[in-house]
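Q: I'm new to this one, so please pick a single part and walk me through it closely. I'd like to hear how its helices sit against their surroundings, and then what lies around them.

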Amino acid sequence: MTLRDGNGRVRINPSILAADFANMQSELARIAAADFVHVDVMDNHFVPNLTFGPQMVKRIQATSPVPLDVHLMISDPDRWAPGYAELGAASVTFHLEAAAEPVALARRLRGIGARAGVAVKPATPVDGLLDLLEDFDQILVMTVEPGFGGQSFMPETMPKLRRLADEARRRGSEVWLQVDGGIAESTIAQAAEAGADTFVAGSAVFGAGDPSRAIETLRAAALAHSHRH
């Protein structure tokens, strides 16, 4: 059983950064076994890359068989994040480093009806979040530098994840702890052991011959290690 979910479930959220953009609808159909689809929004300012905007997210929302887990790697999320919640995204995560008023923004997102998430880059400490666990529905610990797909998992981020998991357990918090970057069958165990219960995987799912089977393989690997926490 995981720390966060009374049903003992872990969540696998494939990242469409690894999908074939020219065939997005069929690519989304291939991951119907997932819990969410992870949608990375980049603005070429907060991170040095440009991906989707509201129009594309709206289209994905209309065609996805699973809810949207939107990850905003953008500047000024205080201004822009509520619009993604208004599109119907189930979860909207913004970066702590970019938000002027993260708690107030999380409350706005919740008020619209989305789960509110906050993300931290690999070098960003989580000390300031330990007393704010109840203000967020999800905390995303980046296990690569945000902005590019296909990077290698950074095990040095695991102590931060353990700190969050230990504090969540101490407080009885139900916050989800997500990891994003380099997650595959070979690395998911490390993240699960450190306390993660929500996993973003890109090429490990979309690059597989059978994405549904890949999702279940990742889920089983995470569950096999999550009972230790």
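**Helices and their buried faces**

A: Let's start with α2, where V57, I60 and T63 are buried. Buried here means under 20% relative accessible area, exposed means over 50%, and partly exposed is anything in between, worked out with a 1.4 Å probe on protein chains only. Helices (H or I, at least four residues) and strands (E, at least two) are DSSP runs, numbered from the N terminus. Before going on, keep in mind that this is a predicted model: local features need pLDDT of at least 70, side-chain atom pairs count only at pLDDT 80 or more, and totals for chains, interfaces and linings use all residues. Residues are numbered from 1 along each chain as its sequence is written, and side-chain values use heavy atoms, with hydrogens and water left out.

Back to α2. Looking down its axis, the buried residues fall within an arc of 130°, so they line one face of the helix. (The arc is taken from the directions that run from the helix axis to the C-beta atoms.) Turn to the other side of α2 and you find Q55, K58 and A62 exposed. Among what covers the buried residues of α2 are α1 (24–29), β2, β3 and α3; covering is a matter of contact, meaning heavy atoms within 4.5 Å.

Now for α4, which spans residues 102–112. Its buried residues are P102, V103, L105, A106 and L109. They sit on the same side of α4, because they cover an arc of only 160° around the axis. R107 and G111, on the other side of α4, are exposed. The cover over the buried residues of α4 includes α3, β4 (91–95) and β5 (115–120). Just after α4 comes G113, with a positive phi near 120°.

You may have spotted that α3 turns up in the cover of α2 and in that of α4. How does α3 lie against α4? Their axes come within 9 Å and cross at roughly 15°. The axes are lines fitted to C-alpha atoms, for helices over the stretch in contact, and the angles run from 0 to 180 degrees between N-to-C directions. α3 and α4 are therefore roughly parallel to each other. For reference, angles under 35 degrees count as roughly parallel, over 145 as roughly antiparallel, 65 to 115 as roughly perpendicular, and the rest as oblique. The crossing of α3 and α4 is right-handed, which is the label used if the near helix is turned clockwise from the far one, while an anticlockwise turn by less than a right angle makes it left-handed. On the α3 side, P77, D78, A81, P82, A85 and E86 meet L105, R108, L109 and I112 of α4.

Next, the loops leading into these helices. N44 is in the loop between β2 (37–42) and α2 (54–63), and D76 is in the loop between β3 (68–73) and α3 (77–86). Most residues other than glycine have a negative phi. Phi of N44, however, is positive, near 60°, and phi of D76 is positive too, near 55°. N44 is partly exposed at a relative accessible area of 49%; for D76, also partly exposed, the value is 36%.

Finally, a step back to the inside. A nonpolar core is a set of buried Ala, Val, Leu, Ile, Met, Phe, Trp, Tyr and Cys residues joined through side-chain atoms within 4.5 Å. The largest one has 64 residues, and those with the most contacts inside it are I16, V39, V70, V92, L164 and F199. Helix α5 (residues 158–171) gives the largest share of this core, 5 residues. L164 is in α5 and is buried, with a relative accessible area of 0%. Skipping neighbours within four places in sequence, F199 has contacts that include V10, I12, V179, I183 and A222. There is also a second, separate core of 5 residues, with M42, F46, V47 and M73 among them.
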